Amino acid sequence: MTEKLNGLRILLVEDEAMISMLFEDMLIDSGAAVVGPASAVATALNMISTEQIDGALLDVNLGGEQSFAVADALIERNIPFVFVTGYGGAGVRDRYPEAPTLQKPFVTEDLQRALLQLATAART
């Protein structure tokens with residue numbers, strides 16, 4: 001499965017350092033390259049405008065700030081993304097009904113499945 005993810009540049013948007021390191025390891029182990037991580041909306045928006053990105057993992061809550069502006073910027077650029085949240089996907093589904101959402105905690109296989117969706121979307 002990881003060969004399909006090789007070369008994919010994934011923006012990681014996560015404000016918790018330990019979780020960010022875990023996600024970064026999962027992404028690298030899955031064959032993807034990590035852009036970031038970004039721990040704030042402004043940083044993520046800057047990275048979107050300056051880096052080549054094939055997809056993104058977005059923590060919904062960044063230190064009390066929601067990442068919806070980042071999702072909107074990705075949509076404008078036709079870059080697929082997956083929300084990750086520990087709070088459930090209800091609020092996300094209302095605003096972004098088509099966006100995949102991973103519930104924290106999740107296992108590497110769940111992340112790889114989500115990344116395969118991103119890879120398919122990014123390469124079409």
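**Note on salt bridges and nonpolar cores**

1. Glu51 counts as partly exposed, at 38% relative accessibility, and this value, like every other in this note, comes from a predicted model. The residue is a convenient place to begin, since Glu51 forms a salt bridge with Arg9, with 3.2 Å between the closest N and O atoms. Glu51 lies in the loop between α2 (41-50) and β3 (55-59), whereas Arg9 belongs to strand β1 (residues 9-13), so the pair ties together parts that are 42 residues apart in sequence. Arg9 is likewise partly exposed, its relative accessible area being 24%.

2. The structure holds five salt bridges, and another of them joins the side chains of Lys104 and Glu14, at 3.0 Å from N to O. Here Lys104 sits in the loop between β7 (101-103) and α5 (108-122), and Glu14 in the loop between β1 and α1 (17-29), so the contact ties together parts that are 90 residues apart in sequence. Both partners are classed as buried: Lys104 has 18% relative accessibility, which falls under the 20% cut-off, while Glu14 has a relative accessible area of 2%.

3. A further salt bridge is found where the side chains of Arg95 and Asp72 meet, at 3.4 Å from N to O. This pair links distant parts of the chain, with Arg95 in helix α4 (residues 90-95) and Asp72 in helix α3 (residues 68-76), 23 residues apart. Arg95 counts as partly exposed at 46% relative accessibility, and Asp72 counts as partly exposed at 28%.

4. Some of these pairings should be read together, because side chains of opposite charge can pair when their charged atoms come close. Glu14, Asp59 and Lys104 are joined into one network by salt bridges that share partners.

5. Turning to the nonpolar side chains, the largest nonpolar core has 24 residues, and those with the most contacts inside it are Leu11, Leu58, Leu74, Phe81 and Phe83. Two or more residues come from each of β1, β2 (33-38), α2, β3, α3 and β6 (81-85), and among these elements α3 gives the most, with five residues.

6. Which residues does Phe83 contact, once its neighbours within four places in sequence are left aside? The list includes Leu58, Val60, Phe68, Ala71, Val92, Tyr96, Ala99 and Leu102, together with Ser67, Pro100 and Thr101. A second core, separate from the one described above, has 18 residues, including Leu57, Val82, Val84 and Ala114.

Note on methods
Residues are numbered from 1 along each chain as its sequence is written. This is a predicted model: local features need pLDDT of at least 70, side-chain atom pairs count only at pLDDT 80 or more; totals for chains, interfaces and linings use all residues. Side-chain values use heavy atoms; hydrogens and water are left out. A salt bridge is a side-chain nitrogen of Lys or Arg within 4 Å of a carboxyl oxygen of Asp or Glu. Helices (H or I, at least four residues) and strands (E, at least two) are DSSP runs, numbered from the N terminus. Buried means under 20% relative accessible area, exposed over 50%, partly exposed in between (1.4 Å probe, protein chains only). A nonpolar core is a set of buried Ala, Val, Leu, Ile, Met, Phe, Trp, Tyr and Cys residues joined through side-chain atoms within 4.5 Å. Contact means heavy atoms within 4.5 Å.
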